[in-house]
Amino acid sequence: MLFKLEKGNIEKASQIFEYNQNFIYSVKARLKVLYAIKKEFKHIPELDWHFEYDHVNVNKNRLIIEYRQAKSHDFSFFYEVPLSTNFELGVYFAKSSVHFIDIYNFLLSNNTINKDQFQLKAEYHSLPHLIVNKKTKRYNTGILNKINSHNDLDTLPVDQDIKAEFELGFHFFNPIFNQILSQFKI
C-alpha cells in the first residue's frame, strides 16, 4: 500500500497493520523518524514524500521522495529509503535502467559527478541508483527507542545524523535534477 507521509497516514497504517510484527517492531519507528525529518524540509516544496508498505514482500517497504517537476514525463527523479534495519538513501534519475545509464554517463562526461563520488548500486531486481549516505549506515537506536514509545507525532525528536544525509542529498542532487531538465530541454 502506498501512503503519503503524513501524521494521519502513519496512524492509519498503524491501525491497518497493528498485528504485523515487522510493521510494529521495525517499520513504525523508522516512519516516525522519517516523518520528523520531513518536517525539517518544509522549505523544499518540490519534494513529495510517500511510504510504501507490503506486509507480504518486505523488500517493497520503502520511503519514496519524488522531486516534483512539470517539465517532463520522461524523467522521474526520486530518492528512496528502504524501511529496514539499516539506513540507505538512494537517488534515482529515472524509472528505467536505460534512462539512468544515459543520465549517469552525461553527468560523468560533464564532470558534474565523479565516478567514485557515490556508490553505484545496480542489481538485477532493482533499478540502478546512487547511494547518497556516506557516514550514517544505521538508525540511532536511542532515538528509535524514544520514538517507539512516543505517541505525539508533532513533537518527535530528530535524528540529526540521518537528517544530515538528507541535507547532503538534497543540496547536491536537486540542482542536478534541474540541470538535467534544462540541458535536455524537455
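**Figure 1. The largest pocket of the predicted model.** The largest pocket has a volume of about 800 Å³ in this predicted model. Its lining comprises 27 residues, and those closest to the pocket centre are N59, K60, R62, E80 and Y92. Three strands, β2 (47-52), β3 (62-67) and β4 (78-82), each contribute at least two residues to the lining of the largest pocket. Sorted by class, this lining has 10 polar, 9 charged and 8 nonpolar residues.

**Figure 2. Packing of helix α1 on helix α2.** Helix α1 spans residues 7-16, and its axis lies 11 Å from that of α2, at an angle of about 180°. Angles over 145 degrees count as roughly antiparallel, and α1 and α2 are therefore roughly antiparallel to each other. On the α1 side, the contact is made by K7, I10, A13 and S14; on the α2 side, it is made by F23, K28, L31 and Y35. By class, the contact of α1 with α2 has 5 nonpolar residues, 2 charged residues and 1 polar residue.

**Figure 3. Crossing of helices α2 and α5.** Helix α2 covers residues 21-40 and helix α5 covers residues 160-183; their axes come within 10 Å and cross at roughly 50°. This angle falls outside the ranges for roughly parallel, perpendicular and antiparallel pairs, so α2 and α5 are oblique to each other. The crossing in which α2 passes α5 is right-handed. From α2, residues L34, I37 and E40 take part in the contact, and from α5, residues I162, K163 and F166 do so. The contact of α2 with α5 has 4 nonpolar and 2 charged residues, with no polar residues.

**Figure 4. Crossing of helices α3 and α5.** The axis of helix α3, residues 97-109, comes within 12 Å of the axis of α5, and the two cross at roughly 100°. Because angles of 65 to 115 degrees count as roughly perpendicular, α3 is roughly perpendicular to α5. In this view, I103, F106 and L107 of α3 meet I176, Q179, I180 and Q183 of α5. No charged residues occur in the contact of α3 with α5, which has 5 nonpolar and 2 polar residues.

Definitions and conventions: Residues are numbered from 1 along each chain as its sequence is written. This is a predicted model: local features need pLDDT of at least 70, side-chain atom pairs count only at pLDDT 80 or more; totals for chains, interfaces and linings use all residues. Side-chain values use heavy atoms; hydrogens and water are left out. Axes are lines fitted to C-alpha atoms, for helices over the stretch in contact, and angles run from 0 to 180 degrees between N-to-C directions. Helices (H or I, at least four residues) and strands (E, at least two) are DSSP runs, numbered from the N terminus. Angles under 35 degrees count as roughly parallel, over 145 as roughly antiparallel, 65 to 115 as roughly perpendicular and the rest as oblique. A crossing is left-handed if the near helix is turned anticlockwise from the far one by less than a right angle, and right-handed if clockwise. Contact means heavy atoms within 4.5 Å. Ala, Val, Leu, Ile, Met, Phe, Trp, Tyr, Cys and Pro count as nonpolar, Asp, Glu, Lys and Arg as charged, and the others, Gly among them, as polar. On a 1 Å grid over the protein atoms alone, a cavity is a set of points where a 1.4 Å probe fits but cannot get out, and a pocket is an open set with protein on both sides within 12 Å along at least five of seven lines; lining residues have an atom within 4 Å of a point. Grid points are joined across faces, edges and corners, and a volume is the space filled by probe spheres set on the points.
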